[in-house]
Each structure stands twice: as C-alpha cells, then as structure tokens.
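Me: I'd like to learn how to read side-chain features from a model. Could you walk me through a few of them with this one?

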Amino acid sequence: MPQQQRPVGVIGVGYVGLVTAVCLAHLGHEVVCLDVDEAKIDDLRRGRIPIYEPGLAELMADAGERLAFTTSYDELCDRCRVLFVAVDTPPSPSGDADLSRVERVVREIGGRGGDRLLVMKSTVPVGTGDRVMAELEAMGVEGIGYCSNPEFLREGAAVDDVLRPDRIVIGEYDQHDGDTVSELWSGIETEVVRTSVATAEMIKYASNAFLATKISFINEIANVCEHVGADVRTVAVGMGLDHRIGPSFLQAGIGYGGSCFPKDVQALKQLAGNSGYHFQLLNAVIEVNHLQKRRVVAKLQERVGRLRGKRVALLGLTFKPNTDDLREAASIVLAARLRAEGAKVTAFDPMVPPGSRPDLFPGVKLVTSALDAVDGADAVILVTEWPEFGQLDWRAVRDRMRGHHVIDGRNYLDGAAVAAAGFSYDGIGTTGDTLGGETPLVAGERS
Ligand SMILES: NC(=O)c1ccc[n+]([C@@H]2O[C@H](COP(=O)([O-])OP(=O)(O)OC[C@H]3O[C@@H](n4cnc5c(N)ncnc54)[C@H](O)[C@@H]3O)[C@@H](O)[C@H]2O)c1
C-alpha cells in the first residue's frame with residue numbers, strides 16, 4: 001500500500017470530502033480532515049458521522065487513528081503537503097457556480113505559503129484552475145501546485161464508487177504533481193485519465209450534463225408513451241440492451257434532483273453562455289426536468305379532481321434512496337405544488353424524522369411510517385424508491401386509506417399487485433401491467 005510521508009489533507013468534509021478522506025485512510029494514508037463547521041468536526045471526533053452513506057461507518061471505524069479532524073488551517077498546513085479541496089460549490093442566483101468557498105480556501109492556503117499541492121475535488125467551472133493559479137500569483141505565493149481530480153461518486157453508493165470507480169481523472173499543470181495524485185490512488189485499479197486541468201474540469205461537467213440529458217430524454221419518451229399506449233419500462237430495456245446506449249439512467253420518473261445534476265447542468269449552460277455559446281440542448285434538459293415534477297400534480301388532478309381538501313401521502317422525500325440528502329429533491333417542489341392547490345400533505349421518509357426541515361416542507365406533516373402517512377389519504381405518490389416501499393402490503397395500505405389512487409413516481413412498484421389491492425395505479429409512461437406474465441422489467445440505475 002502506498003504510504004505518503006506526510007498525511008493528506010482534506011478540506012471540507014461533507015458527502016464528497018468525508019468519503020474521500022475515509023477511502024484515502026482505507027488505502028493506508030494518514031488523513032487530516034478540516035471543516036469550518038465546528039459542530040461537524042466535533043461530531044466526527046466523537047465518531048459520529050453527520051451523513052448517511054452505506055458502508056462509511058465501518059470503514060471509518062477501521063481507519064481509526066489514520067483519520068484526524070481539525071478546524072485549524074494552521075494545523076492542517078503544518079501537517080500536510082497535499083490538500084484535497086472538497087468544499088461545496090452551490091449555484092449562485094445567476095446559475096453560475098458559487099466559488100466563494102473555494103476562494104476562501106485558496107486565501108487560507110495561499111496565506112500560509114509553503115510547498116503544497118491543491119487537489120480540486122469540488123466540481124468547478126472550466127477555468128477555475130487557471131483562476132486559482134492567477135490568484136495565488138497575485139498574492140505573491142510561490143510553490144503551490146494545482147491538480148483537478150473531479151469526483152464522480154453517487155450518493156448512496158459513494159464508498160463503492162470511490163474505491164471502485166469507472167475512472168480516475170487527473171488534470172495537471174505539472175506532470176510531477178499529477179504523479180503525486182495518481183500515486184495516492186494507486187491502491188485502486190481503474191483507468192486513469194491524465195490530461196490538462198481545463199479538460200479534467202470539463203469531463204466532470206460534460207459527464208453530469210450527459211447523464212441528466214439521458215434522464216430528461218427517457219422522461220420525454222415516457223410522456224409520449226402515455227399518449228400512444230407504449231410502456232417506457234420495456235422501451236428502456238429494449239434501448240439499453242444496445243451497448244451503444246447502455247441501460248443506466250434510462251429509468252423514467254419525476255425528474256432528477258440532488259446536489260449535483262441540477263446545479264452542474266445549469267452551471268455548464270452558464271459557462272457556455274459566458275463564453276459566447278448558446279447550449280440549446282441543456283435548456284431543454286432543464287425545462288423537461290422542471291415540468292416532469294409538475295406533471296405529477298396534473299396526473300393526480302385527472303384522477304381525483306380538485307385537490308382542495310384532498311389528502312395526499314408522499315412516500316419518500318430524499319432525492320434518491322440510501323441517502324439523507326434533500327438538496328433539490330423532487331419532493332420539495334411536489335409538496336409545495338400540492339399545498340398550493342389546497343391539498344393536505346402527509347409524508348414519510350426513513351431519513352427525515354417528524355419535525356425536521358420545516359424550511360423545506362412547510363405545512364407538511366411528517367410521520368414515522370408509511371402506514372401512518374397513508375392514513376385517511378385520498379392518494380399516494382411514491383417519490384423515492386426506498387426498498388421498504390417495495391415490500392408494502394398494499395391491502396393494508398388500502399384499508400388505511402380513504403381513496404384508492406397510487407402514482408408511482410419512480411416506476412418502482414409492482415403495478416399489478418397495487419391494482420389487485422384495489423387501487424388505480426399510474427406510473428410514469430407505464431400502466432404498471434406485468435408484461436406477458438413477466439415481472440416488470442426494470443432498466444438500469446439512476447442518479
Ligand atoms: N454530493 C455529491 O454527490 C457529489 C458528487 C460529486 C461531486 N460533488 C461536488 O463535490 C463538492 C462538495 O459536495 P458535497 O456534496 O460534499 O458538499 P457538502 O455541502 O456536503 O460539504 C461541503 C463541506 O465543505 C465545508 N466547507 C465550506 N467552506 C469551507 C471552507 N472554507 N473551509 C473548510 N470547509 C468548508 C462545509 O462546512 C461542508 O461540510 C461540490 O462541488 C459538489 O458539486 C458532489
């Protein structure tokens with residue numbers, strides 16, 4: 001196992017930074033993690049993990065003393081030469097990526113001088129590396145190198161994605177710096193793409209934009225399927241068997257969400273626009289995704305009429321299963337639209353306890369089980385395909401409800417079983433019927 005002489009630093013220990021740090025420690029490196037959030041560092045020092053990510057707790061426990069946590073940039077810079085940057089880069093009101101946290105890190109590190117290598121894991125617009133180097137030069141700092149090492153992990157499978165990635169991308173100004181990053185990951189067997197910093201930055205944006213395009217594409221196909229009587233699930237399987245297309249990200253639903261796709265697609269669109277290019281396709285991808293969330297409300301209205309006074313149960317709130325992340329989750333738009341139409345909304349998500357996040361779900365009653373959520377409801381909408389919703393006893397659900405409508409926003413349920421329990425079932429681009437007696441066909445993963 002490769003051993004760095006000095007510990008590796010990780011700045012910003014959220015979903016990406018913490019998983020990166022734990023995986024680096026798993027590969028045998030000593031890692032010092034820094035975050036400005038004192039409560040988070042305090043929790044981590046006590047072994048409390050602030051996010052939910054399968055497998056992370058076990059690896060963190062195994063890493064033991066190889067992981068250290070601090071809020072002190074002085075301590076970090078004393079101990080580490082190589083510094084991964086994994087701070088958040090949220091969207092700004094203009095749609096451009098907000099790089100203020102990255103800039104703050106550069107000021108902190110630049111202000112301490114020394115021989116260092118910054119490795120950018122955060123998703124940043126093309127040109128950020130050049131800007132960071134220019135900023136350091138303007139500060140009169142010498143000896144700080146820079147590499148781009150974008151992260152492609154999926155929340156919910158993050159540990160596996162970091163330890164068994166499809167590829168590692170390293171963008172470098174200096175070959176020696178690229179070698180250093182490559183050596184840090186040498187415990188991982190995969191393709192390594194070595195390239196310029198700008199190209200590495202673009203690979204990340206282009207990858208996310210392509211995946212988002214695939215999702216919006218299959219969602220539009222699903223919408224057409226509803227008009228022509230085709231079943232999008234089988235369309236997706238039939239398409240995905242073509243190796244030029246592949247099965248992943250062809251699962252129709254109520255649109256993509258999360259902390260990455262919406263902001264990265266928007267940021268690439270802005271980046272293109274700022275450079276004088278109108279990226280038309282991305283406009284459509286974004287608009288289709290917005291509309292897809294709203295279409296569910298129209299579909300419900302077709303079934304139950306006016307929503308005023310109707311009770312609607314949401315199953316799942318997180319933007320996908322196996323995470324506690326609610327950033328840009330479809331549930332937020334859906335709950336707000338339902339409330340605006342006068343519906344009473346009750347929701348259950350295994351990761352969102354009652355009383356939490358009134359900022360995101362004002363007026364929504366959060367409960368502790370799916371059956372409590374459906375109690376007295378006129379309709380149920382499955383928003384997040386948590387595995388436990390696949391095990392629901394739909395006859396028991398029917399007994400608890402006032403109405404009998406199910407909208408499966410992820411085409412996750414066995415539509416025939418739901419219908420057999422006395423429900424009207426609507427999927428997205430599918431009636432949910434089993435096909436020729438087969439169990440429903442499911443295409444590959446989604447974001
Ligand atoms: N979450 C994902 O699935 C994912 C996947 C790939 C890439 N990314 C990218 O990785 C980056 C991080 O995303 P995330 O989801 O982990 O974000 P996050 O919000 O979960 O974590 C960011 C962390 O950085 C800390 N931070 C902010 N400013 C800081 C500073 N100046 N110094 C030290 N710490 C600071 C925050 O306190 C927070 O703990 C983003 O650019 C994102 O686009 C995210």
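Me: Let's start with F348 and F389: are they buried or exposed?

Reply: F348 and F389 are both buried. Keep in mind that this is a predicted model. The two residues also form an aromatic pair, with ring centres 6.0 Å apart and 80° between the planes, which makes the pair edge-to-face. F348 belongs to strand 10 (residues 344–348) and F389 to helix 15 (residues 387–390), so the pair links parts of the chain that are 41 residues apart.

Me: How many aromatic pairs does the structure hold?

Reply: There are 7 aromatic pairs. Another one of them joins Y146 and Y173: with centres 6.2 Å apart and planes at 50°, this pair is tilted, because an angle between 30 and 60 degrees is neither stacked nor edge-to-face. Y146 sits in strand 6 (residues 144–148), while Y173 is in the loop between strand 7 (167–172) and helix 8 (175–184), 27 residues away.

Me: And how accessible are Y146 and Y173?

Reply: Look at the relative accessible area of each. Y146 has 1% and counts as buried, whereas Y173 has 40% and is partly exposed.

Me: Which residues form an aromatic cluster?

Reply: F249, Y256 and F261 come together in one cluster.

Me: Which charged residues lie over a ring, and how far from its centre?

Reply: Here you look for a positive end placed above a ring face. R167 lies over the face of F152, 3.6 Å from the ring centre. In a second case, the charged end of R398 sits over the ring of F423, at 5.9 Å from its centre.

Me: What about K320, and which side chain of opposite charge is nearest to it?

Reply: That side chain is D161, 6.6 Å away. A salt bridge needs the atoms within 4 Å, and K320 has none although it is buried. A polar atom of the K320 side chain does lie 2.7 Å from the backbone oxygen of E155. K320 itself is found in the loop between strand 9 (311–315) and helix 13 (330–340).

Me: Last topic: how many disulfides does the structure hold, and why is C77 not bonded to C80?

Reply: A disulfide is a covalent bond between the sulfur atoms of two cysteines. The structure holds 0 of them. For C77, the closest cysteine sulfur is that of C80, and at 7.9 Å it is too far for a bond; the cut-off is 2.5 Å. Both cysteines are buried, C77 with 5% relative accessibility and C80 with 0%.

Conventions: Residues numbered from 1 in each chain as written. Predicted model: local features only at pLDDT ≥ 70, side-chain atom pairs only at ≥ 80, totals over all residues. Heavy atoms only, no water. Phe/Tyr/Trp six-rings, centres within 6.5 Å; stacked < 30°, edge-to-face > 60°. Helix = DSSP H or I, 4+ residues; strand = E, 2+ residues; numbered from the N terminus. Buried < 20%, exposed > 50% of the residue type's maximum accessible area, 1.4 Å probe, protein only. Lys NZ or Arg CZ within 6 Å of the ring centre and 35° of its normal. Lys, Arg positive; Asp, Glu negative; His and termini not counted. Polar contact = N/O pair within 3.5 Å; in protein donor to acceptor, adjacent residues only side chain to side chain.
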